[in-house]
Amino acid sequence: MSLYVGNLSYDVTREDLERVFAEYGDVKRVSLPTDRETGRPRGFAFVDMAAETQEDSIIESLDGAEWMGREMRVNKARPRDDARSGGGGGGNGGNYRRTGF
């Protein structure tokens, strides 16, 4: 089970997240994306838990909870959508026609 955790402090670490989520079960993995230029966390993370049965209780307990001076957002992570992650572009030049020349 994978959870999206948003509105995080930029000072948060993987260890911080592991400690908080370990109170609700076994944490398999924490992914904390960072900004390419600054190396600083981007304000969100993905936490993978061992048991899916814990998902609803974790969301109920932590979504909206204040932590590190911010109101955390916790919900089920959605699978990555290839159409959204492809960078757009319109394909075939966007199929636009120029008129009025």
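Me: Which residue lies over the face of tyrosine 10, at 4.3 Å from the ring centre?
Reply: Let's start with the ring itself; keep in mind that this is a predicted model. Tyrosine 10 has an arginine over its face at 5.8 Å from the ring centre, and that one is arginine 70. The residue at 4.3 Å from the ring centre is arginine 40.

Me: How many helices and strands does the protein chain have?
Reply: Try walking along the chain from the N terminus. The elements run β-α-β-β-α-β-β-β-α. Counting each kind gives 3 helices and 6 strands.

Me: Where in the protein chain is confidence lowest?
Reply: The chain averages a pLDDT of 85, and 80% of the residues score at least 70. Confidence is highest in H1, at 97. Where pLDDT is low, the predicted coordinates should not be read in detail. The place to be careful, with a mean of 51, is helix H3 (residues 82-85).

Me: Which residues have the most contacts inside the largest nonpolar core?
Reply: In soluble globular proteins, nonpolar side chains tend to be buried together. Here the largest nonpolar core has 19 residues. Strand S1 (2-6), helix H1 (14-22), strand S3 (45-49) and helix H2 (55-62) each give two or more residues to this core. Those with the most contacts inside the core are Leu3, Leu8, Leu17 and Phe21.

Me: Which residues is leucine 17 in contact with, leaving aside its neighbours within four places in sequence?
Reply: Leucine 17 is a good one to pick, being among the residues with the most contacts inside the largest nonpolar core. Once the neighbours within four places are set aside, the contacts of leucine 17 are Leu8, Val12, Val30, Leu32, Ala45 and Trp67.

Me: Is glutamate 55 buried or exposed?
Reply: Glutamate 55 is found in helix H2. Not counting residues up to four places away in sequence, it touches Met1, Ser2, Leu3 and Lys76. Its relative accessible area is 12%, and the cut-off is under 20%, so glutamate 55 is buried.

Me: Why is the pair of phenylalanine 44 and phenylalanine 46 edge-to-face?
Reply: The count of aromatic pairs comes to 3. In this one, the ring centres of phenylalanine 44 and phenylalanine 46 are 5.9 Å apart. Planes over 60 degrees apart count as edge-to-face, so the angle that decides the matter for these two rings is 85°.

Me: Which of the two counts as buried, phenylalanine 44 or phenylalanine 46?
Reply: Compare each value with the cut-off of under 20% for buried. Phenylalanine 46 has a relative accessible area of 27%, so it is partly exposed. At 19% relative accessibility, the one that counts as buried is phenylalanine 44.

Me: Which residues do ring pairs link into a cluster?
Reply: Look in strand S1 for tyrosine 4, which counts as partly exposed at 28% relative accessibility. Among its contacts outside its neighbours within four places in sequence are Phe44 and Phe46. The cluster linked by ring pairs is Tyr4, Phe44 and Phe46.

Me: How many Å apart in space are tyrosine 4 and arginine 78, C-alpha to C-alpha?
Reply: In sequence, tyrosine 4 and arginine 78 are 74 residues apart. Tyrosine 4 is also in contact with residues including Lys76 and Ala77. From C-alpha to C-alpha, the distance between tyrosine 4 and arginine 78 is 8.1 Å.

Me: What percentage of the residues in the protein chain do buried residues make up?
Reply: The protein chain exposes about 7,400 Å², with carbon and sulfur atoms supplying 40% of it. Turning to residues, the chain has 101, and the buried share is 31%.

Methods: Residues numbered from 1 in each chain as written. Heavy atoms only, no water. Core = buried A, V, L, I, M, F, W, Y, C linked by side-chain atoms within 4.5 Å. Buried < 20%, exposed > 50% of the residue type's maximum accessible area, 1.4 Å probe, protein only. Helix = DSSP H or I, 4+ residues; strand = E, 2+ residues; numbered from the N terminus. Contact = heavy atoms within 4.5 Å. pLDDT = per-residue confidence, 0-100. Phe/Tyr/Trp six-rings, centres within 6.5 Å; stacked < 30°, edge-to-face > 60°. Lys NZ or Arg CZ within 6 Å of the ring centre and 35° of its normal. Areas by Shrake-Rupley, 256 points an atom, 1.4 Å probe, with all protein chains shown as cover.
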